[in-house]
Amino acid sequence: MLNGVLNSVFDRIRVENLRSLEITSNGNLIVQLPRRVLSCKNLQVLKLNNAIMEDSCTSSGLGFESRFDFPLLKILHWNGLKFLTAEFLVKFMSSCPVLEELHAYGSSHVSLVHDSEEKFNPFPNLATATIFDHNVPITLLSEVQSLHLKMNRRWIRCEQLPLFHQLTNIDIIFTYILLKDALKWLLELLGNCPKLQNFKIQDYTDGYGYLIELVGDYWIDPSTVPQCLSWQLKTFFLGGYKGNENEFQFVRYIMQNSKVLQTVTIKTTLDADIDRKHEMIRELSSTTMSSTACKLLFD
């Protein structure tokens with residue numbers, strides 16, 4: 001029914017004049033993008049919500065050749081999308097060469113093997129991305145300037161992070177990942193973000209801490225200091241701070257090696273009692289900072 005309505009609508013309009021399109025389904029409906037839209041060369045904004053996406057030429061057996069073409073698309077949002085095939089996602093995202101804004105929330109039914117990430121070329125004009133979707137390859141984002149990222153195990157296990165040439169702002173949410181793995185990943189990330197200025201790690205679980213701690217002290221100071229700490233990083237925010245030894249060593253490392261840092265903001269977990277919070281403040285306040293202008297703030 002919905003597909004028939006969509007096709008009827010697009011049969012009556014001049015798609016070559018279409019600049020913005022939003023398709024929203026309130027249920028588990030199969031939404032087939034009309035073929036005329038798949039190559040809508042003047043489309044600049046596309047938003048797709050709560051639907052199962054199926055290419056009309058897939059169901060008819062015509063394949064994917066030359067079916068997607070969005071040469072002017074600058075804004076792409078999806079929320080709760082289900083792609084029926086991995087090939088659909090590859091072709092769909094590869095057809096947006098000038099994309100500037102990407103918001104991706106929760107796609108499913110896509111099974112991408114590790115080496116499939118090589119099929120994606122990074123978006124060269126990507127200014128901002130909000131990615132709460134584990135199916136988006138992180139290599140796709142290597143040219144982004146501002147990134148809001150919900151971290152997942154797939155990216156944690158990525159053998160090699162890309163170099164984020166233009167990234168200046170990153171906001172990361174961790175969801176039930178081992179602290180040891182998270183710290184290792186964060187250090188690699190810092191080494192791959194030479195222009196990073198604002199570094200934020202958010203609390204996901206209502207202030208009670210989002211990282212799973214293991215028994216033992218496993219922090220080892222890196223032998224080198226990332227370029228962004230030496231010359232770029234201005235703000236650092238850490239939410240859900242528990243004050244355990246490994247967390248403390250990570251924060252201290254940031255404070256001791258960031259030469260132009262202006263503010264460090266620490267938000268403790270909600271279940272920390274007042275005496276423990278005071279102890280955390282004393283520990284961090286006693287750390288010598290590389291930047292004499294830096295302010296240590298507790299939220």
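Two salt bridges are present in this structure, which is a predicted model. One of them pairs Lys-41 with Asp-69, whose closest N and O atoms lie 2.2 Å apart. This pair links distant parts of the chain, for 28 residues separate its two members. Lys-41 sits in the loop between α2 (35-38) and β3 (45-55), whereas Asp-69 belongs to the loop between α3 (56-59) and β4 (75-83). Lys-41 is partly exposed, with a relative accessible area of 47%. Asp-69 is also partly exposed, its relative accessible area being 24%. Side chains of opposite charge can pair when their charged atoms come close.

The other bridge joins Glu-279 to Arg-276, with 3.3 Å between the closest N and O atoms. Here both residues lie in a single element, helix α9 (residues 274-285), where they are three residues apart, or about one turn of the helix. Glu-279 has a relative accessible area of 34% and is partly exposed. Arg-276, at 22% relative accessibility, likewise counts as partly exposed; because the cut-off for buried is under 20%, Arg-276 does not fall into that class.

Helix α9 itself merits a further look. Its 12 residues should span 16 Å at 1.5 Å a residue, and the end C-alpha atoms are 16 Å apart, so the expected and modelled spans agree. At the start of α9, a side-chain oxygen of Asp-273 comes to within 3.2 Å of the backbone nitrogen of Asp-275.

From these charged pairs the account turns to the chain as a whole. Its secondary structure comprises nine helices and 14 strands. Of the 299 residues in the chain, 47% are buried. Among contacts between residues at least 6 apart in sequence, 71% join residues that are at least 24 apart.

In soluble globular proteins, nonpolar side chains tend to be buried together. The largest nonpolar core of this model contains 78 residues. Those that touch the most other members are Trp-78, Phe-92, Leu-102, Leu-141, Trp-185 and Phe-199. Helix α6 (residues 179-191) gives the most to this core, contributing seven residues.

Phe-92 illustrates how such a residue is surrounded. With neighbours within four places in sequence left aside, Phe-92 is in contact with Leu-46, Leu-48, Phe-68, Phe-70, Leu-76, Trp-78 and Phe-83. Among these partners, Trp-78 is itself one of the core residues that touch the most other members.

Another aromatic residue, Phe-237, is found in strand β12 (residues 235-241). Phe-237 counts as buried because its relative accessibility of 18% is under the 20% cut-off. Residues up to four places away in sequence not being counted, Phe-237 touches Phe-199, Lys-200, Ile-201, Thr-265 and Lys-267. Phe-199 in this list is also among the core residues that touch the most other members. The C-alpha atom of Phe-237 is separated by 9.3 Å from that of Leu-297, a residue 60 places away along the chain.

The cysteines remain to be considered. A disulfide is a covalent bond between the sulfur atoms of two cysteines. The structure holds zero disulfides. Cys-40 is buried, with a relative accessible area of 1%. Cys-96 is buried as well, at 0% relative accessibility.

Key: Residues numbered from 1 in each chain as written. Predicted model: local features only at pLDDT ≥ 70, side-chain atom pairs only at ≥ 80, totals over all residues. Heavy atoms only, no water. Core = buried A, V, L, I, M, F, W, Y, C linked by side-chain atoms within 4.5 Å. Buried < 20%, exposed > 50% of the residue type's maximum accessible area, 1.4 Å probe, protein only. Helix = DSSP H or I, 4+ residues; strand = E, 2+ residues; numbered from the N terminus. Contact = heavy atoms within 4.5 Å. Disulfide = S-S within 2.5 Å. Salt bridge = Lys/Arg side-chain N within 4 Å of Asp/Glu carboxyl O. Expected span 1.5 Å × (residues − 1). Polar contact = N/O pair within 3.5 Å; in protein donor to acceptor, adjacent residues only side chain to side chain.
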